[in-house]
Amino acid sequence: MTGGPTPTLRPVRSSDLDFVPGLLTEPGVRRYLMDDKVASREDIAGLMPRWIAGLAWIIEMPQPVGLVSVGPVHPALVELAPALTDEWEITIALSERAWGRGVADIACRQALAQAFASSRRPSILGIVDAPNRRSHALMTRLGFKPEGHMAGIVHELQLYRVARPIGPS
Ligand SMILES: CC(C)(COP(=O)(O)OP(=O)(O)OC[C@H]1O[C@@H](n2cnc3c(N)ncnc32)[C@H](O)[C@@H]1OP(=O)(O)O)[C@@H](O)C(=O)NCCC(=O)NCCS
């Protein structure tokens with residue numbers, strides 16, 4: 001990472017409803033992640049319980065700059081591709097003001113380490129809109145391997161997969 005404070009993760013809590021709606025409606029964040037839709041505060045409030053109960057973290061530097069989560073593939077994508085039913089995916093949203101500094105790289109490594117440590121998942125997917133250049137670069141740097149394409153709701157999607165790291169036996 002280039003200069004500045006190091007990002008840390010802490011679990012999502014209900015008071016993050018002060019931060020997450022602003023994050024997910026930033027133009028650069030919503031463009032691919034939300035199919036460019038401006039989600040309402042109520043829509044985002046509806047997503048919070050799943051993040052609070054699951055593996056989802058606010059990225060802090062020390063002020064909140066993003067959200068990273070690991071969990072079951074989004075139901076809308078499972079509907080398009082039932083083979084993804086039992087798969088987990090990583091999803092990250094980083095405020096545009098923190099892009100280009102390796103912050104997402106560090107946050108995703110921490111999230112993947114915690115997800116593999118607290119589950120028995122053999123692997124985790126990354127699902128990236130074809131034109132989302134920054135996300136493809138991030139997946140590649142994190143060691144995800146490309147695993148074919150599928151039709152998305154707006155764009156074609158590239159699937160990536162990373163395997164559980166080999167640990168002590
Ligand atoms: C996808 C997203 C998280 C990527 O953010 P990012 O800042 O580009 O990603 P990284 O943290 O890996 O940073 C990479 C950049 O930092 C630079 N960098 C500096 N130090 C670095 C380090 N130690 N490690 C990695 N990259 C570093 C890289 O050279 C690269 O620079 P570039 O922007 O000039 O190419 C961000 O664009 C985003 O939130 N997008 C909107 C939401 C979205 O689409 N999410 C993806 C769906 S899962």
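## Exercises on a predicted structure

Asp35 counts as partly exposed, because 13 C-beta neighbours lie inside 10 Å of it. The model behind these exercises is predicted.

### Exercise 1: two aspartates in a loop

Determine where Asp35 and Asp36 lie, how each is classed by exposure, and which sign their phi angles take.

Solution. Begin with the position: Asp35 is found in the loop between α2 and α3 (41-53), and Asp36 has its place in the loop between α2 and α3 as well. Next, apply the cut-offs, by which a residue is exposed with 12 or fewer other C-beta atoms within 10 Å, buried with 20 or more, and partly exposed in between. Asp35, with its 13 neighbours, therefore counts as partly exposed, while Asp36 is exposed because it has 10 other C-beta atoms within 10 Å. Finally, turn to the backbone: Asp35 has a positive phi of about 50° although it is not a glycine, and the phi of Asp36, another residue other than glycine, is positive too, near 65°.

### Exercise 2: the overall fold

Describe the order of helices and strands in the protein, and work out how its radius of gyration compares with the globule rule.

Solution. Start by counting elements, which gives 6 helices and 7 strands. Along the sequence they follow the pattern β-α-α-α-β-β-α-β-α-β-α-β-β. The radius of gyration of the protein is 15 Å, close to the 15 Å that the globule rule gives for 169 residues, so the protein is as compact as a globular protein of that length. Taken along the principal axes, the C-alpha atoms fill a box of roughly 40 × 35 × 30 Å. As a last step, consider the interior and the contacts: 28% of the 169 residues count as buried, and among contacts between residues at least 6 apart in sequence, 64% join residues at least 24 apart.

### Exercise 3: the faces of α5

Compare the span of α5 with its expected value, and find which of its residues are buried and which are exposed on the other side.

Solution. At 1.5 Å a residue, the 15 residues of α5 should span 21 Å, and this agrees with the 21 Å that separate its end C-alpha atoms. Now list the buried residues of the helix, which are Val103, Ala104, Ala107, Cys108, Ala111, Leu112 and Ala115. Seen down the axis of α5, these residues fall within an arc of 150°, so they line one face of the helix. On the other side of α5, Ala113 and Ala117 are exposed.

### Exercise 4: α6 and its partners

Identify the buried residues of α6, and state which elements they pack against.

Solution. The buried residues of α6 are Ser135, Leu138 and Met139. Because they cover an arc of only 100° around the axis, they sit on the same side of α6. From there, they pack against α5, β5 (123-129) and β7 (156-163). Thr140 also belongs to helix α6, but it is partly exposed, as 13 other C-beta atoms lie within 10 Å. Its C-alpha atom is separated by 8.7 Å from that of Tyr160, which is 20 residues away along the chain. Just after α6, Gly143 takes a positive phi of about 95°.

### Exercise 5: Gln158 in its strand

Decide whether Gln158 is buried or exposed, and name the residues it contacts beyond its neighbours in sequence.

Solution. Gln158 has its place in strand β7. Its 21 C-beta neighbours inside 10 Å are the reason why Gln158 counts as buried. Leaving aside neighbours within four places in sequence, Gln158 is in contact with Val128, Ala130, His136, Pro146 and His149. For Val128, the separation from Gln158 is 30 residues in sequence and 5.1 Å in space, C-alpha to C-alpha.

### Exercise 6: around the ligand

Find which residues come nearest to the ligand, and which elements give two or more residues to the shell around it.

Solution. There are 22 residues around the ligand, of which Leu94, Gly100, Gly102, Ala104 and Arg134 come nearest. The elements that give two or more residues to this shell are α2 (27-33), β4 (88-94), α5 (103-117) and α6 (133-142). Sorted by class, the shell has 11 nonpolar, 7 polar and 4 charged residues.

### Exercise 7: a cis peptide bond

State which form the peptide bond from Met61 to Pro62 takes, and locate Pro62.

Solution. The bond from Met61 to Pro62 is cis, with omega near -10°. Pro62 itself lies in the loop between β2 (55-60) and β3 (64-72).

How values were computed
Residues are numbered from 1 along each chain as its sequence is written. This is a predicted model: local features need pLDDT of at least 70, side-chain atom pairs count only at pLDDT 80 or more; totals for chains, interfaces and linings use all residues. A residue is near a molecule or strand if its C-beta atom, placed from the backbone, lies within 6 Å of it. Helices (H or I, at least four residues) and strands (E, at least two) are DSSP runs, numbered from the N terminus. Ala, Val, Leu, Ile, Met, Phe, Trp, Tyr, Cys and Pro count as nonpolar, Asp, Glu, Lys and Arg as charged, and the others, Gly among them, as polar. The arc is that of the directions from the helix axis to the C-beta atoms. Two residues are in contact if their C-beta atoms, placed from the backbone, lie within 7 Å. The expected span of a helix is 1.5 Å times one less than its number of residues. The radius of gyration is taken over C-alpha atoms; the globule rule is 2.2 Å times the number of residues to the power 0.38.
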